[in-house]
Amino acid sequence: MRTHLARFALLVLLLKSACAVAQERPRLEHYCSELAANGISLAEMSGTDTRRVRLDLVLQSIRLCPQEFISAASLFPPSESLLSAIRDMIAGADPSAIAVARDAAARIQPGKDPTSAAIAKQLRGLLGQPQPASLRNVVEVERRASEDLANMAAGQQVRAGERQSILVLGIFIIWVANRAALNAAFESVPSSQEWLRRFPPGIGMVGGGNIREDLREFERSVIRRAQANDGPVDKWYRGFKIEQ
């Protein structure tokens with residue numbers, strides 16, 4: 001009887017978590033281009049000691065914005081280096097990551113463009129038999145990635161190069177995917193918030209000319225969402241800026 005009650009309590013907890021995330025989740029079309037670009041950048045990194053967190057983050061970017069991920073990947077032919085990197089990260093991944101990978105595969109649709117269609121086919125083959133992931137698997141990967149990012153931000157070693165990039169790119173992905181889990185992780189590791197204070201969030205644009213209105217709307221959307229919430233990462237994103 002206690003086992004059944006425990007399972008029921010877990011189910012209720014997961015359902016509440018899902019409802020909270022659904023209520024907080026922004027309209028993805030505002031963020032998909034950035035999520036896809038961040039996922040591809042993370043996949044192309046090479047650190048073996050960061051492979052788990054990078055895989056979790058890449059899978060989230062594909063799950064959330066599969067078509068944008070494919071479109072972005074098709075701009076950088078040949079794509080074999082990207083696909084090889086994802087293959088290497090998935091090798092030996094744990095069951096929750098594999099389940100989320102299959103969920104990501106289930107969301108990928110072949111495009112009309114031959115290059116995009118070829119990448120979509122190869123990526124689905126890498127991620128495994130398409131199958132929706134359970135809520136429990138998705139929540140576990142989001143929680144784990146959040147904790148990994150918070151611990152990385154709190155690390156004593158100098159966070160430069162690849163680790164610095166993982167923090168900047170990964171925090172945005174999880175902030176969109178599960179804002180509550182990310183804020184909870186940074187709250188549980190107070191020293192991680194020092195990193196937030198030292199590195200204002202933003203995107204640097206290369207090239208001259210005025211920033212397009214769609215990028216300005218992206219900037220405003222991030223700030224509006226940040227101002228509507230009060231977690232440490234939310235407060236960090238209140239200072240978000242796109243700069244040239």
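**Group meeting: a walk through a helical model**

Let me start with a caution. Over residues 1–24, pLDDT stays under 50. For that stretch the model has 12 contacts beyond four places in sequence. This is a predicted model, so keep that in mind throughout. Helix α1, residues 2–24, has the lowest mean pLDDT among the elements of the chain, at 38. Helix α10, residues 179–188, has the highest, at 97. For the chain, the mean pLDDT is 84. And 83% of its residues reach 70 or more.

Now the overall layout. The chain has 13 helices and two strands. It counts 244 residues, and buried ones make up 47% of them. Next, contacts between residues at least 6 apart in sequence. Of these, 80% join residues at least 24 apart.

On to the core. How many residues does the largest nonpolar core have? It has 73. The residues with the most contacts inside this core are I86, L127, L149, I171 and Y237. Helix α9 gives the most to the core, with 10 residues.

Take L127 from that list. Set aside its neighbours within four places in sequence. L127 is then in contact with L59, I62, I86, I90, A101, R102, A104, A105 and I108.

Two of those partners, I86 and I90, bring us to helix α5, residues 80–90. Its buried residues are L82, L83, S84, A85, I86, M89 and I90. What do they pack against? The answer is α2, α3, α4, α6 and α7. In sequence, α6 covers 95–107 and α7 covers 114–127. After α5 comes G92, with a positive phi near 80 degrees.

Let me stop at helix α3 for one residue, R52. Is R52 buried or partly exposed? Its relative accessible area is 46%, so R52 counts as partly exposed. Beyond its neighbours within four places in sequence, R52 is in contact with R144 and D148. R52 and A97 are 45 residues apart along the chain, and their C-alpha atoms are separated by 8.9 Å.

Next, the disulfide. A search of the whole structure finds one. C32 and C65 form it, with their sulfur atoms 2.0 Å apart. The torsion about the S-S bond is about -75 degrees, so this disulfide is left-handed. The pair links distant parts of the chain, 33 residues apart. C32 is in helix α2, residues 32–43. C65 is in the loop between α3 and α4. Both cysteines, C32 and C65, are buried.

Now the aromatics. The structure holds 11 aromatic pairs. One of them is F172 with Y237. Their centres are 6.0 Å apart, with 70 degrees between the planes, and the pair is edge-to-face. Where do these two rings sit? F172 is in helix α9, residues 162–177, and Y237 is in helix α13, residues 232–237. They are 65 residues apart, so again distant parts of the chain are linked. F172 is buried, with a relative accessible area of 4%. Y237 is at 2%, so Y237 counts as buried too.

Here is another pair: W195 and F199. Their ring centres are 5.2 Å apart and their planes are at 35 degrees, so the pair is tilted. W195 has 0% relative accessibility and counts as buried. F199, at 25%, counts as partly exposed.

Both of these pairs belong to one aromatic cluster. Its members are Y31, F172, W175, W195, F199, F218, W236, Y237 and F240. One of them, W175, has a charged partner. The charged end of R225 sits over the ring of W175, 4.6 Å from its centre.

Last stop: strand β1, residues 202–204, where we find I203. Its relative accessible area is 18%, and I203 is buried. Leaving out its neighbours within four places, I203 is in contact with E34, F218, F240, K241, I242 and E243. F218 and F240 are also in the aromatic cluster. I203 and E34 are 169 residues apart in sequence. In space they are 9.8 Å apart, C-alpha to C-alpha.

To close, three things to take away. Residues 1–24 have pLDDT under 50. The largest nonpolar core has 73 residues, with α9 giving the most. And C32 and C65 form the one disulfide found.

Notes: Residues numbered from 1 in each chain as written. Predicted model: local features only at pLDDT ≥ 70, side-chain atom pairs only at ≥ 80, totals over all residues. Heavy atoms only, no water. pLDDT = per-residue confidence, 0-100. Helix = DSSP H or I, 4+ residues; strand = E, 2+ residues; numbered from the N terminus. Contact = heavy atoms within 4.5 Å. Disulfide = S-S within 2.5 Å. Buried < 20%, exposed > 50% of the residue type's maximum accessible area, 1.4 Å probe, protein only. Phe/Tyr/Trp six-rings, centres within 6.5 Å; stacked < 30°, edge-to-face > 60°. Lys NZ or Arg CZ within 6 Å of the ring centre and 35° of its normal. Core = buried A, V, L, I, M, F, W, Y, C linked by side-chain atoms within 4.5 Å.
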